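Grab a pencil and open the viewer. Here are a few exercises to work through, each with its solution.

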Amino acid sequence: MTSTVPAPVTRTADGHALQAVLLDMDGTLVDTEGFWWEIEAEIFAELGHRLEESWRDIVVGGPMSRSAAFLIEATGAAISVGELSVLLNERFEARIADQVPLMPGAERLLSELARHNVPTALVSASHRRVIDQVLLTLGRDRFTMTVAGDEVTRTKPHPDPYLLAARTLGAHPSRCAVIEDTATGVAAAEAAGCRVVAVPSVGLITPAPGRTIVRSLEDVDLPFLRSLIASMN
């Protein structure tokens, strides 16, 4: 986990507070969910196995250990979870070495949050080494703190990463707006008690009470996030 001094709390006109914005990385801010699946398919092809397209929704958004274990069990491939994790990380880093494509609206939203000094956390199931490379594109200074999947005992879909981010920022989970792209991430944020904005990238996210689903980050701005928290009061 990396962090800096928390920024001042942002308040709405009627006194209700949006205390922090917590954002997922892959598929939410950067267009990389497809990269992971392509790399997984590539590695298993080299091992003599073909991945079923239906498995993609099962592994997307989850911790690498869970995804790797599922694919190994499903295919019967002769590789350990640890060995597969190393290969996945190495090839992903090589894939994004030159450029990390941003999701539509990501640059504008991050700039807006930074401009208004909103405490912001990057909360990802990806490992620290991957996050640090992606931050070269996103801008490390745009985040008050970051949480990696290999820095918590239980990562998504457990609430631990979001609870850690809120606690570090000095924010109450119910005053945090979380932006996620997968059902796994949404489950983690809602279990933490945060208000969730879902921007589906791979797989469906079904409507639910207290859950807001939007087409893309282009539909999300600071007034929108403030209104979600204010509407809870």
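Below are three exercises, each solved step by step.

Before you start: this is a predicted model, where local features need pLDDT of at least 70, side-chain atom pairs count only at pLDDT 80 or more, and totals for chains, interfaces and linings use all residues. Residues are numbered from 1 along each chain as its sequence is written, and side-chain values use heavy atoms, with hydrogens and water left out.

**Exercise 1.** Find out where Thr120 lies and what its side chain reaches.

*Solution.*
- Step 1: Thr120 sits in strand β5, residues 120-123 (helices, H or I, of at least four residues and strands, E, of at least two are DSSP runs, numbered from the N terminus).
- Step 2: Thr120 counts as buried because its relative accessibility is 1% (buried means under 20% relative accessible area, exposed over 50%, partly exposed in between, with a 1.4 Å probe and protein chains only).
- Step 3: The Thr120 side chain gets to the backbone oxygen of Val118, at 2.7 Å.
- Step 4: Skip the neighbours within four places in sequence, and Thr120 is in contact with residues including Val21, Leu23, Leu113 and Phe143 (contact means heavy atoms within 4.5 Å).

**Exercise 2.** Which residues touch the most other members of the largest nonpolar core?

*Solution.*
- Step 1: Pin down the term: a nonpolar core is a set of buried Ala, Val, Leu, Ile, Met, Phe, Trp, Tyr and Cys residues joined through side-chain atoms within 4.5 Å.
- Step 2: The largest such core has 50 residues, and Leu23, Leu29, Leu138, Ile179 and Leu225 touch the most other members.
- Step 3: Elements giving two or more residues to this core include β4 (20-23), α1 (33-46) and α9 (222-230). Helix α1 supplies the largest share, 6 residues.
- Step 4: Apart from this core lies another, of 23 residues, with Leu22, Val152, Leu164 and Cys194 among them.

**Exercise 3.** Which residue forms a salt bridge with Glu93, and which helices does the pair tie together?

*Solution.*
- Step 1: Use the rule: a salt bridge is a side-chain nitrogen of Lys or Arg within 4 Å of a carboxyl oxygen of Asp or Glu. The count by this rule is 18.
- Step 2: Glu93 pairs with Arg129, with the closest N and O atoms 2.4 Å apart.
- Step 3: Glu93 lies in helix α4 and Arg129 in helix α6, so the pair links parts 36 residues apart in sequence.
- Step 4: Check accessibility: Glu93 is buried at 18%, while Arg129 is partly exposed at 39%.

Definitions and conventions. A polar contact is a pair of N or O atoms within 3.5 Å; within protein, one must be able to donate a hydrogen and the other to accept it, and residues adjacent in sequence count only if both atoms are side-chain atoms.
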